[in-house]
Amino acid sequence: SPHASCAEAAVHEADAGLIALSQLALLATEILARAGWEVVPDEDSGRLAFAHEATGVAQLATPSLPPVDGPTGGWARELLLDTISLVEPLEVNPASGEVRWPVRVISHECSISEHDSESAAETWLQQCAAAVSVIDVAMDGGGEEQGATVRQLIRGVWRGVDGPRVAELDLAEEAGAQLETWEATTAAALVLMRLAAADMTVKAADGAG
């Protein structure tokens, strides 16, 4: 059941999104079945697993199918197959009732206005290319162990948990402990400068009052 603090409109949007993902997961199941894979429950983990009858292989990870050309192949097909796992909750916090999903959208913004292009299709493509998203990806800890949560910054279309991202960090680590690239270091410095400027503005306003 939705939390009491959730807005009714947000609940309807979440329900619609889950229904859409469930329909995509059914399509993904059909694609895997044509390749000899069956989606089955895993007795040890309680999660969904993938079994290949011809080879006897069983695994928790989404199978990789042979590559195909065209728009139905590549990362789009891999992401479609991943929807089977994305719609399955990892666990529920017994104290708060919060569901832990494989992927959680923290923020998603598009900078293109609906009036910036002549057609709806062109607008949608521009919005996808200009989108900036922040997502949390739950890493599998194996067995009953809860894995880490990695926060990713995505520019453009999200291409799955292993797709390209601008930056990422382990939320268990202290802020600033994983500055591995010049881009990440510069971004962190800009954030600190912005926070410092905001703090000085607040202190100046308090002093003037």
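Val134 stands opposite Leu153 in strand 8. This pair is a convenient way into the model, which is a predicted one. The two strands involved, strand 7 and strand 8, run antiparallel and are joined by 7 bridges.

Strand 7 and strand 8 belong to an open sheet of 4 strands, arranged in the order 6-7-8-9 with antiparallel pairing. At its edges stand strand 6 (103–109) and strand 9 (167–170); each has a single partner strand, so one side of each is left without a neighbour in the sheet. On average, neighbouring strands of this sheet are turned by 15° against each other, direction ignored.

The pairing can be followed across the sheet. Strand 6 is joined to strand 7, residues 132–138, by 6 bridges, and the two run antiparallel. Val103 has Val137 in strand 7 as its bridge partner. On the other side of the sheet, strand 8 pairs with strand 9 in the antiparallel sense over 4 bridges. There, the bridge partner of Gln152 is Glu168 in strand 9.

Which residues of strand 8 are buried, and which are not? In a regular strand the side chains alternate between the two faces of the sheet. Strand 8 (residues 149–155) shows this alternation: Val150, Gln152 and Ile154 point to one face and are buried. Thr149, Arg151, Leu153 and Arg155 point to the other face and are not buried. Leu153, the residue opposite Val134, is thus in the group that is not buried, whereas Gln152, the partner of Glu168, is in the buried group.

The sheet is one part of a longer chain. In total the chain has 4 helices and 9 strands. From the N terminus on, its elements run α-β-β-β-α-β-β-β-α-β-β-β-α. Of its 209 residues, 20% count as buried. Among the contacts in the chain with a separation of 6 or more, 37% are between residues 24 or more positions apart.

Next come two of the helices. Two packed helices are described by the angle between their axes and the distance between the axes. For helix 1 (residues 8–34) and helix 2 (residues 74–86), the angle is about 115° and the axes are 8 Å apart. That angle makes helix 1 roughly perpendicular to helix 2. Their crossing is left-handed. Helix 1 contributes Leu21, Leu24, Ala25, Leu27, Ala28, Thr29, Ile31 and Leu32 to the contact, and helix 2 contributes Leu80, Leu81, Thr83 and Ile84. By type, the residues of this contact divide into 10 nonpolar, 2 polar and no charged.

Two single residues complete the tour. Is His52 buried or exposed? His52 lies in strand 2, and its relative accessible area is 14%, under the 20% cut-off, so His52 counts as buried. Apart from neighbours within four places in sequence, His52 is in contact with Ala35, Gly36, Trp37 and Val57.

Asp42 sits in the loop between strand 1 (37–41) and strand 2 (48–52). Its relative accessibility is 23%, and Asp42 therefore counts as partly exposed. Not counting residues up to four places away in sequence, Asp42 touches Arg47, Ala49 and Leu60. Asp42 and Gln59 are 17 residues apart along the chain, and their C-alpha atoms are separated by 8.8 Å.

How values were computed. Residues numbered from 1 in each chain as written. Predicted model: local features only at pLDDT ≥ 70, side-chain atom pairs only at ≥ 80, totals over all residues. Heavy atoms only, no water. Buried < 20%, exposed > 50% of the residue type's maximum accessible area, 1.4 Å probe, protein only. Contact = heavy atoms within 4.5 Å. Axes fitted to C-alpha atoms, helices over the stretch in contact; angles between N-to-C directions. Parallel < 35°, antiparallel > 145°, perpendicular 65-115°, else oblique. Left-handed = near helix turned anticlockwise from the far one by under 90°. Nonpolar A, V, L, I, M, F, W, Y, C, P; charged D, E, K, R; others polar. Pairing = 2+ DSSP bridges.
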